[in-house]
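Subject: Structure for your files

Dear colleague,

Please find the structure below, as agreed. My notes come after it.

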Protein chains: 2
Amino acid sequence: MIEKLLALSGMEASSTVIEGKGSQCSCSHAILLEGVDFDLVYTPLRHLGYKAVLYVLGDLYASLRTPEALSVNLGLSKRFCYEDVETLWQGMVAACGEHGVKRISLDLNPSVNGLCISLSALGSQKKKVLDNVPQTKNMDLICLTGHVGAAYMGLHILEREKVAFTSTNVQPELEKYKAVLGSYLSPEIKSDTVSRFIEAGCIPSKGFFVSRGLGAAVLQLVKETGLGAKIYLDKIPISSQTFAVAEELNMDAITAAMNGGDDYKFIFTVPIEKHEVIRHDFQDYDIIGHTAKPEVGAVMVTPEGAELEIRAQGF
Amino acid sequence: MIEKLLALSGMEASSTVIEGKGSQCSCSHAILLEGVDFDLVYTPLRHLGYKAVLYVLGDLYASLRTPEALSVNLGLSKRFCYEDVETLWQGMVAACGEHGVKRISLDLNPSVNGLCISLSALGSQKKKVLDNVPQTKNMDLICLTGHVGAAYMGLHILEREKVAFTSTNVQPELEKYKAVLGSYLSPEIKSDTVSRFIEAGCIPSKGFFVSRGLGAAVLQLVKETGLGAKIYLDKIPISSQTFAVAEELNMDAITAAMNGGDDYKFIFTVPIEKHEVIRHDFQDYDIIGHTAKPEVGAVMVTPEGAELEIRAQGF
């Protein structure tokens, strides 16, 4: 539907970019709506503010930009008091501080229904760096910046406990789920995500923010590059707690990792010649697969060598 | 409240700007929420899309930027079908076409409640031009780019007819209100708003988009410049139909002009030395007043010479 509409426009459909002389400026823009993107029953406002900012910064880092400025527009129903907005804002300011965002603006609007958060972040990168971005080719390495699936398990625990609390009014025991809850409620993005590649002389050919599932990010990679991609199932990093919670909830950890969402990780493609640099300087990253010829499509390879097609999840 | 929160952040609170080498990139960002900012009972989706884009472009023009790129995020409840989104989008694309916006992106999100439109527009301006922006001083001319108050009258007619239609089910006779309805439903902004100043060698010292009432724009001017402002009541351009409709609705046309909103006009301050240029090359603009010493504050001067303080309207 989006493609069809963009085609209608007859304009260049792309991320929002302005070309300057020595640098390129880029905008990342998102809305988060109460009842769809977050549930205030179990999401503290400070965490929500922090996470919302990371959500837009993620797309800037993925496109190799350094965040510089943020504009926040809030739609607020009468339910929210000044202290609520202040708490939300404190989370946003904390995220900005950690990520070097120096200019910030805020606008408040009345809303009939709940909380609406709209964010627009500006980032830039030197042309010198962008000119050195290599072409994505067949057999580029696909690197994932951290483990996936935990946030989705955290969300399911929160949803389960919300239902239980509503019917029994007993405060949930959440201590044992701390890691997966943390992955969902307070994800982290390292502010040197882009700069460490530049410093290592190893600029990725492409980057994607993993926020709607690893599978969706791989499909986006395939779509944007026109190449195929092979992901090796046994290379996907999944934490032991994710496996444990998945078992407790009778869910499949691999499915959570591929389709879950809210991971706040990245996949970057890197030329295979940089294999040693990645292994040496990026030991916290996992090489989970590689790009392939276009006819391969997006596939996940099982340990037995079977190739499963990665499919889009609906919105 | 916004000031208090921005002060908390300890960061540079400003419009979202990135400094480049030869140019400066700036972002204008807004959300429009159904039931607050628009009513789909009487707002055609195509008009809404068109107007929403002008709403964000207005702030770019006011800060002397040329629009270049637009990002649209829609929150859509199940009530909306593909054709609805297409119609809305067509209005957006039309506005982009008229204003030279060449890059456009779109994202769709589910919403529980109605339609949420978030827009983020990027514009830029050459440093050469921005370096020539004069300092705002006492006795700068305040120029308004067109008549005000009509859109507010249009909105009141639509609200009145909505109520009448709901109770009687009789189709309203709207032909005689065409001008004020047009001002509300399909405002216009000229795409040469900034460039004609540059071409005339007369760069404004400040610009403000008049979208929440002329009074609010004057107050913003006073706040941002630290100067006072005097507006002359008999210089404020108000159309004859605005006066006629105000009389019919038993409302005050001056109040509509000052506090109404949705005018989609601009006020620009220009050094008094450029008086002849404005009178000659900008005959469609009205000089409605001038900046003044800070102690004057924001005042409206009546034809009898009385000075009335311009006060902020709540949101």
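What follows is a summary of what was found, from the whole assembly down to single residues.

Confidence

This is a predicted model. Its scores are ipTM 0.89 and pTM 0.91. For chain A the average pLDDT is 92, and 97% of the residues score at least 70. Where pLDDT is low, the predicted coordinates should not be read in detail.

The two chains

A turn of 180 degrees, with a shift of 0.0 Å along the axis, lays chain B on chain A with an RMSD of 0.0 Å. The two copies are therefore related as by a two-fold rotation axis.

Chain A and chain B each put 55 residues into the contact between them. On chain B, the elements that each supply at least two residues to the side touching chain A are α1 (2-9), β1 (12-13), β2 (16-19), β3 (23-33), β4 (66-76), α3 (82-98), β5 (103-110) and β6 (116-126). By class, that side of chain B has 30 nonpolar, 19 polar and 6 charged residues. Of the interface residues of chain B, 100% are also interface residues in chain A, so the copies meet through the same surface.

Domains of chain A

The domain assignment splits chain A into domain 1 (2-129) and domain 2 (141-309). Taken over C-alpha atoms, the centres of these two domains of chain A are 22 Å apart. Between them, 20 residues of domain 1 of chain A are in contact with 17 residues of domain 2 of chain A. Helix α2 (residues 45-62) of chain A gives the most to the domain 1 side, with 10 residues. The side of domain 1 of chain A that touches domain 2 of chain A is made up of 10 nonpolar, 7 polar and 3 charged residues.

Core

The largest nonpolar core has 188 residues, and A:V53 and B:V53 are those with the most contacts inside it. Apart from neighbours within four places in sequence, B:V53 is in contact with B:L70, B:M92, B:A95, B:C96 and B:L119.

Strand β5 and the loop after it

A:N109 lies in strand β5 (residues 103-110) of chain A. This residue counts as partly exposed, having 17 C-beta neighbours inside 10 Å. Not counting residues up to four places away in sequence, A:N109 touches A:N73, A:L74 and A:G75 in its own chain, and B:I31, B:L33 and B:V36 in the other chain. A:N109 and A:L76 are 33 residues apart along the chain, and their C-alpha atoms are separated by 6.2 Å.

In chain B, the loop between β5 and β6 holds B:G114. With 18 other C-beta atoms within 10 Å, B:G114 is partly exposed. Leaving aside neighbours within four places in sequence, its contacts are B:E34, B:G35 and B:S77. The first of these contacts, B:E34, is 80 residues from B:G114 along the chain, with 6.1 Å between the C-alpha atoms.

The loop between α10 and β10

Two residues other than glycine have a positive phi here, one noted in each chain. A:D262 is found in the loop between α10 and β10 (265-270) of chain A, and has a phi of about 65 degrees. B:Y264 is in the loop between α10 (253-259) and β10 (265-270) of chain B, and its phi is near 55 degrees. A:D262 counts as buried, with 23 C-beta neighbours inside 10 Å. B:Y264 also counts as buried, with 23 C-beta neighbours inside 10 Å.

Helices α10 and α11 of chain A

A:I254 lies in helix α10 (residues 253-259) of chain A. It has 17 C-beta neighbours inside 10 Å and so counts as partly exposed. From A:I254 to A:E188 is 66 residues in sequence and 22 Å in space, C-alpha to C-alpha.

A:E276 is found in helix α11 (residues 275-281) of chain A. Is A:E276 buried or exposed? With 9 other C-beta atoms within 10 Å, A:E276 is exposed. A:E276 and A:W89 are 187 residues apart along the chain, and 42 Å separate their C-alpha atoms.

Regards

Terms used
Residues numbered from 1 in each chain as written. Chains lettered and ligands numbered in written order. Predicted model: local features only at pLDDT ≥ 70, side-chain atom pairs only at ≥ 80, totals over all residues. Domains from an automatic or database assignment. Contact = placed C-beta atoms within 7 Å. Helix = DSSP H or I, 4+ residues; strand = E, 2+ residues; numbered from the N terminus. Nonpolar A, V, L, I, M, F, W, Y, C, P; charged D, E, K, R; others polar. Core = buried A, V, L, I, M, F, W, Y, C linked by C-beta atoms within 7 Å. Buried ≥ 20, exposed ≤ 12 C-beta atoms within 10 Å, placed from the backbone. Least-squares fit on C-alpha atoms with pLDDT ≥ 70 in both. pLDDT = per-residue confidence, 0-100.
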